[in-house]
Amino acid sequence: MSDYIMIETAFNNIDEAHKVRDELLSKKLVASTHIIESESSWNWNNEREDDKEYIMQMKTKAVKKEEIYEVIKSIHSYETFEFAIYEISSINKDYLKWLDEEVK
């Protein structure tokens, strides 16, 4: 796995998303977050669900993924929440240096 990752999760409550964002940034577990409003649909308990969600993308270092998961788990109201991890690779060495400097 790459040293750098993007983690994605979704919330149906913007205040909850902001609480997670603020905690992760203040603890220097992530370098940045994006919150994107989304129209989402999924199957849950044999039922179709449709709702507005807020997709949060977090840029960080792979070594922080367990700590980030625990922060999200302690705040998230979903019984089963998304915690998708994507590897980040970049030829922009300044960007990767910035990630290193921001994530402690």
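Guide: Welcome! One term before we start: strands are DSSP runs of at least two residues marked E, helices are runs of at least four marked H or I, and both are numbered from the N terminus. Please keep in mind that this is a predicted model.

Visitor: Thanks! What pattern does the chain follow along the sequence?

Guide: Going along the sequence, you meet β-α-β-β-α-β-α. That makes three helices and four strands in the chain.

Visitor: How does the radius of gyration of the chain fit a compact globule?

Guide: A compact globule of 104 residues would have a value near 13 Å, and the chain has 14 Å, so the two agree. Along its principal axes, the C-alpha trace spans about 45 × 25 × 20 Å. Of the 104 residues, 39% are buried. Contacts can also be sorted by separation in sequence: among those between residues at least 6 apart, 72% join residues at least 24 apart.

Visitor: Now the backbone. What is the sign of phi in most residues other than glycine?

Guide: Most residues other than glycine have a negative phi. Here, Asn-45 is not a glycine, yet its phi is positive, about 50°. Asn-46 also has a positive phi, near 65°.

Visitor: Where does Asn-45 lie?

Guide: Asn-45 sits in the loop between strand S2 (32–44) and strand S3 (47–61), and Asn-46 is in the loop between S2 and S3 too.

Visitor: Is Asn-46 buried or exposed?

Guide: The cut-off for exposed is over 50% relative accessible area. Asn-46 has 81%, so it counts as exposed, and Asn-45, at 60%, counts as exposed as well. Glu-70 in helix H2 (residues 65–75) makes a useful contrast: its relative accessible area is 47%, which means partly exposed.

Visitor: And empty space? What shows where it is left?

Guide: Rolling a probe the size of a water molecule over the atoms shows it. In this model, the largest pocket holds about 280 Å³ of space.

Visitor: Which elements give two or more residues to the lining of the largest pocket?

Guide: Those are strand S1 (4–11), S2 and S3. S2 gives the most, with three residues. Lining residues include Thr-9, Trp-42, Trp-44, Glu-53 and Phe-81.

Visitor: How many nonpolar, polar and charged residues does the lining have?

Guide: Five are nonpolar, three are polar and four are charged. Tyr-78 and Glu-82 are among the residues lining the pocket, if you would like to find them in the structure above.

Notes. Residues numbered from 1 in each chain as written. Predicted model: local features only at pLDDT ≥ 70, side-chain atom pairs only at ≥ 80, totals over all residues. Heavy atoms only, no water. Buried < 20%, exposed > 50% of the residue type's maximum accessible area, 1.4 Å probe, protein only. 1 Å grid on protein atoms, 1.4 Å probe; cavity = no way out; pocket = protein on both sides within 12 Å on 5 of 7 lines; lining within 4 Å. Points joined across faces, edges and corners; volume = space filled by probe spheres on them. Nonpolar A, V, L, I, M, F, W, Y, C, P; charged D, E, K, R; others polar. Rg over C-alpha atoms; globule rule 2.2 N^0.38 Å. Contact = heavy atoms within 4.5 Å.
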